[in-house]
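Please study the sequence and the structure shown below before attempting the exercises. Each task is followed by a solution in steps.

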Amino acid sequence: MNFLAIIPARYASTRFPGKPLARLGGKPVIQRVYEQVAGVLDDAVVATDDERIRDAVRAFGGRVEMTSPDHRSGTDRCWEAYCKQGREYDVVVNVQGDEPFIRPSQLEAVKRCFDDPATDIATLVKPFTKADGLAALENPNSPKVVLDAQSRAIYFSRSVIPYLRGVPREEWLARHTFYKHIGLYAFRADVLRAVTALPQSPLELAESLEQLRWLENGYKIGVGISEVETIGIDTPEDLEKAERFLQLKIKNEE
């Protein structure tokens, strides 16, 4: 199978305008993301609606496609960029443009999900640990996932799932493995085409989670389990934390 990474990158952001071009360790964030995936998957391309991002990607030698500014989601942007490739791929991997520390092991875990021919879509989770604390588990901005016996997603929620009946909340992390969703998606190419044509679903609208639309329409979502924590960049404060993480990583590698 061949895998194409598409990295959606918008300039406009409510919490952090211009985020893809912010400097991290002397390079734009989007370059950090591109370099993390380009050596692991067969091809990589940035999908943007902004000429400044296009020019920055070309400056570091990356591939880039201009896409419409009117897309509702990164998934829609990925489909337009895929259609412009001029060749077919088996699987399209949607890598968030604000994940500069995405690991090769995480990408490989998503790829392995497609060893099962029943997998339509794949994503990643990380187990919550006791060290994360109850506040992290209950954070509605950190969606949770419940898996079945074949490591497929049953449901995603901003609420804590499952509810542990009869167990004090402060003991939940010690008594059950809860899974935190990591927003990396991979689609068989024909499935990507199909899901972009689907209308928003009731569960999606209720929780504001796009992946519920796919579950409601019967798509099988395979889940890779990663023990690695990622550092997404949503705010300038996140960028500062990422810079500290990068410098520590560089120091440890010396």
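The exercises below concern cysteines and salt bridges in this predicted model.

**Exercise 1.** Determine how many disulfides the model contains, and examine Cys83 and Cys113.

*Solution.*
Step 1. A disulfide is a covalent bond between the sulfur atoms of two cysteines. The cut-off used here is 2.5 Å between the sulfur atoms.
Step 2. For Cys83, the closest cysteine sulfur belongs to Cys78 and lies 11 Å away, so the two are too far apart for a bond.
Step 3. For Cys113, the closest cysteine sulfur is also in Cys78, at 17 Å, which is too far for a bond.
Step 4. The count is zero disulfides.
Step 5. As to accessibility, Cys83 is partly exposed at 49%, whereas Cys113 is buried at 12%.

**Exercise 2.** Describe the salt bridge between Arg77 and Asp49, and state which parts of the chain the pair links.

*Solution.*
Step 1. The N to O distance between the two side chains is 3.8 Å, and the cut-off for a salt bridge is 4 Å.
Step 2. Arg77 is in helix H3 (residues 74-83), while Asp49 is in the loop between strand S4 (43-48) and helix H2 (51-59). The residues are 28 apart, and the pair links distant parts of the chain.
Step 3. Arg77 is buried, with 1% relative accessibility; Asp49 is partly exposed, with 23%.

**Exercise 3.** Locate the salt bridge between Glu108 and Lys111.

*Solution.*
Step 1. The closest N and O atoms of Glu108 and Lys111 are 3.8 Å apart.
Step 2. Both residues lie in helix H4 (residues 104-112), three residues apart, about one turn of the helix.
Step 3. Glu108 is partly exposed, at 31% relative accessible area.

Key
Residues numbered from 1 in each chain as written. Predicted model: local features only at pLDDT ≥ 70, side-chain atom pairs only at ≥ 80, totals over all residues. Heavy atoms only, no water. Buried < 20%, exposed > 50% of the residue type's maximum accessible area, 1.4 Å probe, protein only. Helix = DSSP H or I, 4+ residues; strand = E, 2+ residues; numbered from the N terminus.
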